[in-house]
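Visitor: Before we begin, could you take me through the reasoning behind the terms used for this model?
Guide: Gladly; please look at the structure first, and then ask about whatever label you would like explained.

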Amino acid sequence: MGKRSPTSHRTPEQIREHGRTYQAKPRQVANRAKRNAARALLRKEGVDVEGKDVDHKRMLKSGGSNARSNLRVQSRAKNRGRT
């Protein structure tokens, strides 16, 4: 095992393992594709999303969709602070 990072509290080996196992699952790949598509949709509409997060009002894991009424732009801190 390597030395733990003071910011992520995980070793580089643990971070790589997470990428190979959890992030590679079909459901996570599909959710990532939906998040990327939502960002592209707002960018195409001309909404400035640089440096901000595209938020799903109803989260994808709770059955949310990429409908325009379910999307909003928020600061990274505000979006990542909610559960």
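**Reasoning behind the labels**

Guide: In this predicted model, V54 stands opposite V73 in β2.

Visitor: What makes β1 and β2 a pair of strands?
Guide: Two strands count as paired if at least two bridges are found between them, and five bridges join β1 to β2, so the pair meets that requirement. The two strands run antiparallel.

Visitor: Why is β1 described as largely enclosed by the rest of the structure?
Guide: The description rests on burial, since four of the five residues of β1 are buried, and β1 is therefore largely enclosed by the rest of the structure.

Visitor: Why is Q74 called buried?
Guide: The term applies under 20% relative accessible area; Q74, which is placed in strand β2 (residues 71-75), has a value of 11%, and is therefore buried. Leaving aside neighbours within four places in sequence, Q74 is in contact with K52, D53, D55 and N79.

Visitor: Why is S65 called partly exposed?
Guide: Partly exposed covers what falls between the buried limit of 20% and the exposed limit of 50%, and S65 has a relative accessible area of 35%, so the intermediate term is the one that applies. S65 lies in the loop between β1 (52-56) and β2.

Visitor: What makes the approach of the S65 side chain to A67 a polar contact?
Guide: The side chain of S65 reaches the backbone nitrogen of A67 at 3.3 Å, and the cut-off for such a pair of N or O atoms is 3.5 Å, so the distance qualifies.

Visitor: How do you know which residues S65 touches?
Guide: Contact requires heavy atoms within 4.5 Å, and, not counting residues up to four places away in sequence, S65 touches H56, R58, L60, N70 and L71.

Visitor: What makes up the largest nonpolar core?
Guide: That core has five residues in all, namely A38, L42, V49, V54 and L71; membership requires buried residues joined through side-chain atoms within 4.5 Å. Among the residues that L71 touches are A38, L42 and V54. In soluble globular proteins, nonpolar side chains tend to be buried together.

Visitor: How much space lies in the largest pocket, and which residues are closest to its centre?
Guide: About 690 Å³ of space lies in the largest pocket. Of the 18 residues that line the largest pocket, R35, V54, H56, L60 and N79 are the closest to its centre. The element that gives the most to this lining is α2, with six residues.

Conventions
Residues numbered from 1 in each chain as written. Predicted model: local features only at pLDDT ≥ 70, side-chain atom pairs only at ≥ 80, totals over all residues. Heavy atoms only, no water. Buried < 20%, exposed > 50% of the residue type's maximum accessible area, 1.4 Å probe, protein only. Polar contact = N/O pair within 3.5 Å; in protein donor to acceptor, adjacent residues only side chain to side chain. 1 Å grid on protein atoms, 1.4 Å probe; cavity = no way out; pocket = protein on both sides within 12 Å on 5 of 7 lines; lining within 4 Å. Points joined across faces, edges and corners; volume = space filled by probe spheres on them.
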